[in-house]
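Me: I should like to examine the reasoning behind several structural assignments. Please set each one against its criterion.

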Amino acid sequence: MLLSEVAYARPATLEQALELLAEHPGARALAGGQTLLNVMKARAAAPDVLVDLSGIPELKGIELGSDGTLELGPMTTYTELIASSEARARPILGEVCAQIADVQVRNRGTIGGNVCSSDPTNHLPPLMVAVGAEFTVSGSGGERIVPAEEFFLGVYMTAAGPGELLTKITIPPGRSDGFSSVAIGVDGTCIVNAAASLNGGVRVVLGCVGATPVVVEPASADAEAVRSAVRDTGLEPPSDVHASADYRRHLAEVVAARAVEQAGS
Amino acid sequence: MDVVTSQTISVEVNGTTYEREVEARRLLIHLLRDDLDLTGSHVGCDTGNCGACSVILDGTLVKSCMVLAVQADGASIETVEGLVEEEQLSPLQQAFSDHHALQCGYCTPGMLMSATALLRENPRPSDEEIARAIQGNICRCTGYWNIFEAIKAASA
C-alpha cells in the first residue's frame, strides 16, 4: 500500500531525535514499525515526519546491574530480549516476549514500541506494571522517571507526551512472576491477559479489560482469594466479536488465578 | 537535522547491488516488486499478518510490508529469487515440490523464506519449532501439513 506522503529522518543521537520532534509537532517516533506503519496504511495516523530511532545506539541494549536491576533500551527487539542472557535475571520478560505475534514481528518489534503504543490488548503494559518497572522519559527539558503504573494514560496514550521519548526501562530484581492470557490463536492478540508478581505481596495486573492496565492486590495467593479480588474490582470490560463483557469478566478471574499460580510455583 | 521526503538508497539483493531514489513513504516490498522487478515476494494482506512478503534483511526474517525502503539503505536482502542454486531448486524448494507443499503457491515465497531462516539458525528443528517458525505465514490451501512435512524433510 502507498502510505500518505511523509518525511523521514534517521538521527544518530538522542539529542538530534528530540530536536526533530520539537521542530516538527506532527512528527512521530518510529521504533520497530510493526504497529505504526500499519496504522499509517489504515490512515488512522498521518504523521508529517517519521523520526526513525534505529540509529541511536543509546536506545539499544540490555544491562544487568550487580543488584539484579535490569536496564532495557527501548529499541531492544523482542527477539533480542528473548536471546539475552542478562534478561534471564527476570525470566518472565523473555517468556512473555516469546508469546508475542510471530518470528518476523518479534524480529523487528521493540519493547519500547509495545509499551508506547499503549494498545490495551498488548502484552507488556500489564507485565511492566506487575514487575514494578520504571520508565525514563526524556524531552528537551531533561528527563524524568515515571513508574509504569502512571505511564499508561489511555488507549494509545502514555505519559511520554509530544516531543518526548521513552529512553530507558528499569526493572527491579525479582523472580516470582507469572503471566497468563486467552488469545486469538496461539501467540495471537490477547482477549484478556494478566501478569502477576509475588515479590513482596500479591500483585495482579489485568490487561484488555479497560483502557489501561488494572491493578488488583488480593489478600493472598490463594486462587479463590485472587478470583474474588478480581470480582470485587467491578471491571467494565468492552464487548466485541471475540468476547462479551461478561465472558471477559470471567476470563479475567481465570487468567489472574493462573498468573498467580505460575508466579508462586 | 534535515528531514527528507525521498532519498537515494543502495541495497544488495541476492548478491546484486541496486541504487534507487525512493520516497520515504515507499514500503520495502514495493521497492522489491515495483522498482527492482523482483516479483517473487508477494503482497497478500498488506497489514502485516499473512507473511507472503517475508524476506531476509541483514540476516533477519522480516515482513517487507512493515519496513520502509529507506530503512533498508545499505542492507543486504535475500528474497525467494535468491534461493536457486546454479539454476537448480534448493533442497528446501525441492522438498516443497516433493511433498506437495503448495497448491495456489501464493504463500510459498514467504513460507520458503521463513523456513530458510529457521533451518539456517536451527538445522534440526523439533516439530514444535517448525510449527512456530511458520506461525507468521498464512496458507489458505494446504492446511499446513504438507508444508510442515517438506520443512521436516529438508532439515538435517
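Me: In this predicted model, what is the bridge partner of A:Ala27 in β3(A)?
Reply: A:Val49 is the bridge partner of A:Ala27.

Me: What makes strand β2 (residues 27–30) of chain A and β3(A) a pair?
Reply: Pairing requires at least two bridges between the strands. β2(A) and β3(A) are joined in the parallel sense over four bridges, so the criterion of at least two is met.

Me: How do you know that strand β1 (residues 7–9) of chain A pairs with β3(A)?
Reply: Three bridges link β1(A) and β3(A), again in the parallel sense, and at least two are needed, so these strands also pair. Within β3(A), A:Val51 stands opposite A:Ala9.

Me: Why are both faces of strand β3 (residues 49–52) of chain A called covered?
Reply: A:Val49 and A:Val51 on one side are buried, as are A:Leu50 and A:Asp52 on the other. Buried status requires 20 or more other C-beta atoms within 10 Å, so each of these four residues reaches that count.

Me: Why does A:Val51 qualify for a nonpolar core?
Reply: Membership is for buried residues of listed types, Val among them, joined through C-beta atoms within 7 Å. A:Val51 is buried and is one of the residues that touch the most other members of the largest nonpolar core, which has 129 residues. Helix α10 (residues 245–264) of chain A gives this core its largest share, eight residues.

Me: What makes A:Ala194 and A:Pro126 contacting residues?
Reply: Contact requires C-beta atoms within 7 Å. A:Ala194 touches A:Pro126, so their C-beta atoms lie within that cut-off.

Notes. Residues numbered from 1 in each chain as written. Chains lettered and ligands numbered in written order. Predicted model: local features only at pLDDT ≥ 70, side-chain atom pairs only at ≥ 80, totals over all residues. Buried ≥ 20, exposed ≤ 12 C-beta atoms within 10 Å, placed from the backbone. Contact = placed C-beta atoms within 7 Å. Lists of a residue's contacts leave out its neighbours within four places in sequence.
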